[in-house]
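Trainee: Got a minute to go through a model with me? I'd like to start with the loops and then move inward.

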Amino acid sequence: MFSTLFQATGFKRAFDLFEAGRFDEGKALLKSLQDEFLAVCDENEALKRQLSEVAEVLDLAEKVRFDGQKYWLEEDGERKGPFCQVCYDRDGLLVHLHKHENHWECQSCQGLYMLPREADAANGKKPRIRTTMEKTVPLFMEREMG
């Protein structure tokens, strides 16, 4: 991309070229200024989209609550969920857990979350910790740079 100084002086230079009768050079300069302008517009749109995505993530983060085992979404006074802790922490995705007889299961990462026993829930005890079936999740994941 051209420097800001080039952009600022480019139109004056193009005008001077046209006045001097150097039309081909003036057209080439205007074309390069136009290309630069379009590139800046594209970059501006990409930055707007990125900013919007960040705002959405921050808005969602304010509504998500962790109960020590899994996540819940609180919107308009309503509690939705539960959602997988691993999928949200690792990928930022709210993946619904499927309820079984004595546990919740994530269909994405196959994580299991034990349901609290009736007696524990009545006494205010927290649910038992999350377990997995022959699957470990690394603390840090390497990502390919592309």
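Mentor: Sure, one term first: helices (H or I, at least four residues) and strands (E, at least two) are DSSP runs, numbered from the N terminus. Also, this is a predicted model, where local features need pLDDT of at least 70, side-chain atom pairs count only at pLDDT 80 or more, and totals for chains, interfaces and linings use all residues. Residues are numbered from 1 along each chain as its sequence is written, and side-chain values use heavy atoms, with hydrogens and water left out.

Trainee: OK, loops. Where is Asp76 found?

Mentor: Asp76 is in the loop between strand E2 (71-75) and E3. Its phi is near 50°, a positive value in a residue other than glycine.

Trainee: Is Asp76 buried or exposed?

Mentor: Asp76 counts as exposed, at 82% relative accessibility. The cut-offs are under 20% relative accessible area for buried, over 50% for exposed and partly exposed in between, with a 1.4 Å probe and protein chains only.

Trainee: And what about phi of Gln110?

Mentor: That one is positive too, near 65°, and again the residue is not glycine. Gln110 lies in the loop between E5 and strand E6 (112-114), and counts as partly exposed at 39% relative accessibility.

Trainee: Which residues does the cis peptide bond join?

Mentor: Gly81 and Pro82, with omega about 5°. Pro82 belongs to strand E3 (residues 78-83).

Trainee: Let me zoom out. How many helices and strands does the protein have?

Mentor: Four helices and six strands, in the order α-α-β-β-β-α-β-β-β-α along the sequence.

Trainee: How much of the protein counts as buried?

Mentor: 24% of the 146 residues.

Trainee: Now inward. Which residues make up the largest nonpolar core?

Mentor: There are 10 residues in it: Cys84, Val86, Cys87, Val95, Leu97, Trp104, Cys106, Cys109, Tyr113 and Leu115. Helix H3 (85-91) and strand E5 (103-106) each supply at least two residues of this core. By nonpolar core I mean a set of buried Ala, Val, Leu, Ile, Met, Phe, Trp, Tyr and Cys residues joined through side-chain atoms within 4.5 Å. Apart from it lies another core, of five residues, including Val64, Tyr71, Phe83 and Tyr88.

Trainee: What does Cys106 touch?

Mentor: Leaving out residues up to four places away in sequence, Cys106 touches Cys84, Cys87, Val95, Leu97 and Gly111. Contact here means heavy atoms within 4.5 Å.

Trainee: What about His103, also in strand E5: buried or exposed?

Mentor: His103 is buried, with a relative accessible area of 18%. Beyond its neighbours within four places in sequence, His103 contacts His98, Leu112, Tyr113, Met114 and Leu115.

Trainee: Switching to aromatics: how many aromatic pairs does the structure hold?

Mentor: Three. Rings of Phe, Tyr and Trp (its six-membered ring) pair if their centres lie within 6.5 Å; planes under 30 degrees apart count as stacked, over 60 as edge-to-face and the rest as tilted.

Trainee: Why is the pair of Phe66 and Tyr71 tilted?

Mentor: Their planes are at 45°, so the pair is tilted, and the ring centres are 4.8 Å apart. Phe66 is partly exposed at 43% relative accessible area, while Tyr71 is buried at 11%. Phe66, Tyr71 and Tyr88 form one aromatic cluster.

Trainee: Last one: what sits over the ring of Trp72?

Mentor: The charged end of Arg79, 3.8 Å from the ring centre. To count, NZ of Lys or CZ of Arg must be within 6 Å of the ring centre and within 35 degrees of the ring normal.
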